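I opened this structure to take notes on it. My plan was to look up the ligand surroundings, then the confidence, then one sheet.

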Amino acid sequence: MNVEIVELDDRKAKFVLSGATHAFANSLRRGMLAEIPTLAIDYVNIYNNTSVLFDEQLALRLGLIPLKTDLDSYVLPSDCGCGGEGCPQCQVSLTLSVEGPKMAYSTEMVSADPAVTPADAVPIIKLAEGQKISLEAVARLGTGHDHAKWQAGVACGYKNMPHITVLEECDACGMCVDACPRGVLVITDNVAKAVDERACSLCRLCESVCELNWIKVDTYPDSVIFTAESDGSMPITELIIRSADNIKERATALDEYLGIIDA
Ligand code: SF4
Ligand code: SF4
Ligand SMILES: [Zn+2]
């Protein structure tokens with residue numbers, strides 16, 4: 001298996017994954033969406049709310065705010081020694097006390113753990129003169145399996161890696177070069193050639209204009225172009241590595257289980 005990084009920053013990654021099946025790529029994607037825990041606000045004690053939002057709507061907005069998550073510091077409530085009742089190992093409290101006129105932002109929430117803060121300045125509500133909100137929100141770990149608010153990976157997906165072949169008979173007429181909307185093709189040494197297969201959209205316009213079919217657009221059977229984005233709860237590299245580790249853990253567990261069945 002090989003990974004070629006195309007783009008990478010703290011939140012987003014684009015890479016070519018080769019020597020791997022589409023099933024593996026899909027497992028990696030699903031792990032990022034549903035298996036890796038992240039912190040999200042799970043319940044809210046509202047002490048005062050004179051805004052135009054009902055308490056339930058306010059709680060819904062708070063639940064969808066991405067929170068920076070250190071998975072080495074917290075455990076899932078179901079795995080915690082407190083039995084899920086709530087303790088510093090499985091939950092963290094954030095308070096918000098604001099008064100209008102103003103726009104209240106997620107970054108105004110004060111966390112009991114300085115390491116757990118909103119990943120972005122998300123507008124919560126616009127308060128008019130004299131309107132107040134005072135609340136305590138409790139964040140806990142969960143996974144995307146249970147609710148989308150615990151989904152650390154967003155816009156995670158992959159597409160087939162294009163493979164463009166030009167046969168020797170090509171007469172360098174240039175029609176495919178002109179037809180390509182992505183600028184993938186050039187004429188070099190009297191033959192059409194792909195300069196960047198990754199940029200190809202697989203539209204096959206080049207094939208349709210080549211009257212003698214000297215150009216073929218196909219895909220590599222064991223390569224995909226993978227794109228992934230984190231909601232900000234953790235760096236995208238950590239999310240990808242944790243997802244790959246999760247596949248290994250589940251495969252090992254299945255292997256052990258099947259071993260027990262065979263025995
Ligand atoms: S592949 Fe076909 S359309 Fe493209 S330059 Fe060659 S002959 Fe022309
Ligand atoms: S399939 Fe479409 S994008 Fe790809 S090389 Fe041909 S014309 Fe360009
Ligand atoms: Zn606990």
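**Ligand surroundings**

I looked up ligand 2 and found 14 residues surrounding it, the closest being Cys180, Val184, Cys200, Cys203 and Cys206. I then sorted this shell around ligand 2 by class and got eleven nonpolar, one polar and two charged residues.

Next I took ligand 1, which has 13 residues around it. Those that come nearest are Cys170, Cys173, Cys176, Cys210 and Ile215. The shell around ligand 1 holds eleven nonpolar, one polar and one charged residues.

**Confidence**

I note that this is a predicted model. The pLDDT of the chain averages 95, and 99% of the residues score at least 70. I looked up where confidence is lowest and found helix H5 (residues 236-262), with a mean of 91. Confidence is highest in strand E6 (residues 110-111), at 98.

**The sheet**

How are the strands of the four-stranded sheet ordered? I read the order as E1-E2-E12-E9, in an open sheet with antiparallel pairing. Strand E1 (2-8) and strand E9 (153-166) each have a single partner strand, so one side of each is left without a neighbour in the sheet. From one strand to the next, the twist averages 25°.

I followed one pairing further. E1 pairs with strand E2 (residues 12-18) in the antiparallel sense, over six bridges. For Glu4, I found Val16 in E2 as the bridge partner.

Last, I looked up what lies across this sheet. Helix H1 (residues 22-35) lies across E2, E9 and strand E12 (215-230). I noted that H1 runs at about 160° to E9.

Methods: Residues numbered from 1 in each chain as written. Chains lettered and ligands numbered in written order. Predicted model: local features only at pLDDT ≥ 70, side-chain atom pairs only at ≥ 80, totals over all residues. Near = placed C-beta within 6 Å. Nonpolar A, V, L, I, M, F, W, Y, C, P; charged D, E, K, R; others polar. pLDDT = per-residue confidence, 0-100. Helix = DSSP H or I, 4+ residues; strand = E, 2+ residues; numbered from the N terminus. Pairing = 2+ DSSP bridges. Axes fitted to C-alpha atoms, helices over the stretch in contact; angles between N-to-C directions. Contact = placed C-beta atoms within 7 Å.
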